[in-house]
Amino acid sequence: MQTKVNYLLRLGDNALILSQQLCQLCGKGPALEEDMALTNVALDLLGQTRLWYEYAGELEGAGRDEDKLAYHRDAHDFKNCLLLEQPNGNYADTMVRQFFFDAWHYFLIVGLTRSSDARIAAIAEKSLKEVTYHLRRSGDLIVRLGDGTEVSYAKTQAAVNDLWMYSGEVFAYDAVDEAMVAEGVAPAAADLRAQWLAHVAEIFAEATLTMPPADAWMQSGGKQGRHSEHLGYILAEMQFLQRAYPGATW
Amino acid sequence: MSKEWPLWEVFIRSQHGLAHKHVGSLHAPDAEMAVNNARDVYTRRNEGVSIWVVRAADIVASSPGDKGALFEPSNSKVYRHPTFFPMPEEVKNL
């Protein structure tokens, strides 16, 4: 049971950390419409976080609700992938991070709709519309940025080169993931990776971007609680109020 | 060329709506992004909606000065208005 709780926390943590990062851009988007779109994505992800945490807390049975899980865990207890805690940077950095995540998230959620766990399948079903839209949007923007001006191309290619080493962690399955695959809860890494690579290659070709080698070395550790230096700052800001006034209701 | 994205007018038919209604406008670089943006700004992605976007520059509006000639309904001439025919129950949405 603890294995499934851990798996659910990973799903929730990914969505929460990315949502928190996108929220920092509220009011700072390159255009009003982009600003709203990014905020919408952040809200979708936050909603998904709540569903994963709620289920994880129930399964765990230790009285930790979604707020406890979000606000009363420190960095080493967070299991999000390193990609998602990378700084927002410029808009190309933000969108490349988003695109790498969305492409994985979409195929993952499609896989999870066939999960042997009915509750997980139901949450995936509910999220599918949202992640389909996220992927369409970020893919579209990658094409526009890559195949835009010389400057936008250079910035996007630089973001791709910088973030590539964080893109593979989601496919590095450990004992938790493998147990979930064996139970029919989660889709296998090889299938997801093949779908991800094919989709990224297709969008990059259209965007005139160069895709780094698929077998490049990949950074990992986030799923096991070993994070980059960025996560501590994200959590310090996110958790401040609950740390200062623990258990306060709002 | 202006650095500002062109203005688009947005029309949306809601889930149970019969016709597209003008809901507002937005700036977007092209039609595809205008539709995407309209979804984010005006619908929050409700199912069953239909969105039309059209460049504001492509809309021709009537001039307020023509009000009399275009819209004076000839209220004094009752024979011009089809108000003497009872509508059958079955005819909806007229």
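Here is a walk through the structure above, a predicted model, going from its helices to its core, its cavities and a few single residues.

Let's start at the beginning of chain A, with helix α1. This helix runs over residues 2–23, so by the way helix spans are worked out we can ask how far it should reach. From its first C-alpha to its last, α1 of chain A covers 31 Å, close to the 32 Å expected at 1.5 Å a residue for its 22 residues. Is α1(A) mostly covered or mostly open? It's mostly covered, with 19 of the 22 residues buried.

Gln21(A) is a nice residue to look at in α1 of chain A. Its relative accessibility is 2%, and because buried means under 20%, Gln21(A) counts as buried. What is it in contact with, once neighbours within four places in sequence are left aside? The list is Leu84(A), Glu85(A), Gln86(A), Pro87(A), Asn88(A), Arg97(A) and Ile234(A). Here's something the sequence by itself won't show you: Gln21(A) and Thr94(A) are 73 residues apart in sequence, yet their C-alpha atoms are 9.2 Å apart in space.

Step a little further along and you come to Gln24(A), in the loop between α1 and α2 of chain A. Gln24(A) has 30% relative accessibility, so it falls between the 20% and 50% limits and counts as partly exposed. Leaving aside neighbours within four places in sequence, Gln24(A) is in contact with Asn88(A) and Glu237(A). Its C-alpha is 9.3 Å from that of Thr39(A), with their places 15 residues apart in sequence.

Next comes α2(A), with 29 residues. From first C-alpha to last, this helix reaches 42 Å, close to the expected 42 Å. Inside α2 of chain A sits Tyr55(A). Buried or exposed? With a relative accessible area of 9%, Tyr55(A) is buried. Not counting residues up to four places away in sequence, Tyr55(A) touches Lys4(A), Leu8(A), Asp117(A), Arg119(A), Ile120(A) and Ile123(A). Tyr55(A) and Asp65(A), ten residues apart in sequence, have C-alpha atoms 9.0 Å apart. Just after α2(A) you meet Gly61(A), which has a positive phi, near 65 degrees.

Now for the inside of the protein. The largest nonpolar core has 83 residues, and the members that touch the most others are Phe100(A), Leu112(A), Ile142(A) and Trp196(A). Which helix gives the largest share of this core? That's α5 of chain A, residues 91–112, with 13 residues. Ile142(A) makes a good example of how contacts link up parts of the chain: not counting residues up to four places away in sequence, it touches Met95(A), Val96(A), Phe99(A), Asp147(A), Ile203(A), Phe204(A), Ala207(A) and Leu209(A).

While you're in this part of the tour, find Ser127(A) in helix α6 of chain A, residues 118–146. Ser127(A) counts as buried because its relative accessibility is 1%. Leaving out residues up to four places away in sequence, Ser127(A) touches Gln48(A) and Ile109(A).

What about empty spaces? There are three cavities of 30 Å³ or more, and the largest has a volume of about 110 Å³. Its lining includes Tyr7(A), Arg10(A), Trp104(A) and Lys223(A). The elements that give two or more residues to this lining are α1 and α5 of chain A. Of these, α1(A) gives the most to the lining of the largest cavity, with four residues. By class, the lining of the largest cavity has seven nonpolar, one polar and three charged residues.

Let's finish further along the chain. Ala190(A) is found in helix α9 of chain A. Exposed means over 50%, so Ala190(A), with a relative accessible area of 58%, is exposed. Its C-alpha is separated from that of Asp140(A), 50 residues away along the chain, by 26 Å.

Last stop: Thr208(A), in the loop between α9 and α10 of chain A. Most residues other than glycine have a negative phi. Thr208(A) isn't a glycine, but its phi is positive, about 60 degrees. With a relative accessible area of 41%, Thr208(A) is partly exposed.

Notes. Residues numbered from 1 in each chain as written. Chains lettered and ligands numbered in written order. Predicted model: local features only at pLDDT ≥ 70, side-chain atom pairs only at ≥ 80, totals over all residues. Heavy atoms only, no water. Buried < 20%, exposed > 50% of the residue type's maximum accessible area, 1.4 Å probe, protein only. Core = buried A, V, L, I, M, F, W, Y, C linked by side-chain atoms within 4.5 Å. Contact = heavy atoms within 4.5 Å. 1 Å grid on protein atoms, 1.4 Å probe; cavity = no way out; pocket = protein on both sides within 12 Å on 5 of 7 lines; lining within 4 Å. Points joined across faces, edges and corners; volume = space filled by probe spheres on them. Nonpolar A, V, L, I, M, F, W, Y, C, P; charged D, E, K, R; others polar.
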